[in-house]
Amino acid sequence: VACSNLRRCMLTALVALRSRICPTGHASKPRNASKAHVTTDLQEMSRNVDCVAMALEPASLPPSLGRNLKPQMLTAKNASQLHQPGPLEQYFDASECRGMKTLRSNGRLRMEAFARWAMKCDEEVVIAVGHSLYFREFFNLFTRESDRDDENSLIARACESKMANCSMVGFELAYDEVMGSFQVMPSTLRVLDGGFESARKKSK
């Protein structure tokens with residue numbers, strides 16, 4: 001599991017993927033669970049205030065998430081576990097996080113860096129917890145224009161519209177040695193939950 005270094009994204013990961021990022025030694029920890037990898041390379045592209053990381057320094061984590069957990073996020077099953085999640089170090093590994101993106105940060109370079117990291121992972125499947133604008137531009141960067149010719153195709157919609165909040169999609173990422181770049185395989189893109197927002201209105 002990889003996660004943006006923004007606290008709101010880490011909260012989403014903690015609520016949605018608790019069973020995958022249980023603390024070491026936790027009674028309910030499944031065999032394939034491990035800490036989520038916190039990375040600056042997944043940080044949202046915008047400069048808005050809600051896209052500023054609270055942990056500015058490299059290899060650091062933001063203040064506790066506990067007070068941000070709202071009753072509607074909790075169910076009878078997970079309320080007792082999430083009400084006091086404990087130190088974030090139990091769930092997240094920020095050892096390779098570079099902290100807040102710099103003013104000269106380049107979204108393309110960060111996306112390419114994340115793609116390289118994902119391709120080098122030993123795991124066959126990488127779960128990336130990130131942001132809608134980032135992923136829209138990720139699809140635009142790693143697909144060919146010819147793949148988006150059909151405006152009704154899912155890949156064309158992914159490049160045109162942002163994902164709705166808390167949506168999940170899956171796809172295969174490959175490295176094209178001829179082109180020397182990464183590529184999202186269009187035929188593998190699928191919506192697992194939620195989907196994409198309505199296409200942006202075109203200016204007249």
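This section describes the two largest pockets of a predicted model and the burial of helix 4.

The largest pocket encloses about 1600 Å³ of space. Its lining comprises 46 residues, and those closest to the pocket centre are Ala128, Val129, Gly130, Phe135 and Val169. Two or more lining residues are contributed by each of helix 1 (7–16), helix 3 (107–120), strand 4 (128–129), helix 4 (132–141), strand 5 (168–170) and strand 8 (190–193). Helix 1 supplies the largest share of this lining, with 7 residues. When the lining of the largest pocket is divided by class, 28 residues are nonpolar, 9 are polar and 9 are charged.

The second largest pocket has a volume of about 320 Å³. A set of 14 residues lines this pocket, and Val1, Ser34, Lys35, Trp117 and Glu123 are the members nearest its centre. The class composition of this second lining is 7 nonpolar, 3 polar and 4 charged residues.

Helix 4, one of the elements that line the largest pocket, contains the buried residues Tyr134, Phe135, Arg136, Phe138 and Phe139. Among these, Phe135 is also one of the residues closest to the centre of the largest pocket. The cover over the buried residues of helix 4 includes two helices, helix 3 and helix 5 (154–160), together with strand 4, strand 5, strand 6 (173–176) and strand 7 (181–184). Of these covering elements, helix 3, strand 4 and strand 5 are also among those that give two or more residues to the lining of the largest pocket.

Methods: Residues are numbered from 1 along each chain as its sequence is written. This is a predicted model: local features need pLDDT of at least 70, side-chain atom pairs count only at pLDDT 80 or more; totals for chains, interfaces and linings use all residues. Side-chain values use heavy atoms; hydrogens and water are left out. On a 1 Å grid over the protein atoms alone, a cavity is a set of points where a 1.4 Å probe fits but cannot get out, and a pocket is an open set with protein on both sides within 12 Å along at least five of seven lines; lining residues have an atom within 4 Å of a point. Grid points are joined across faces, edges and corners, and a volume is the space filled by probe spheres set on the points. Helices (H or I, at least four residues) and strands (E, at least two) are DSSP runs, numbered from the N terminus. Ala, Val, Leu, Ile, Met, Phe, Trp, Tyr, Cys and Pro count as nonpolar, Asp, Glu, Lys and Arg as charged, and the others, Gly among them, as polar. Buried means under 20% relative accessible area, exposed over 50%, partly exposed in between (1.4 Å probe, protein chains only). Contact means heavy atoms within 4.5 Å.
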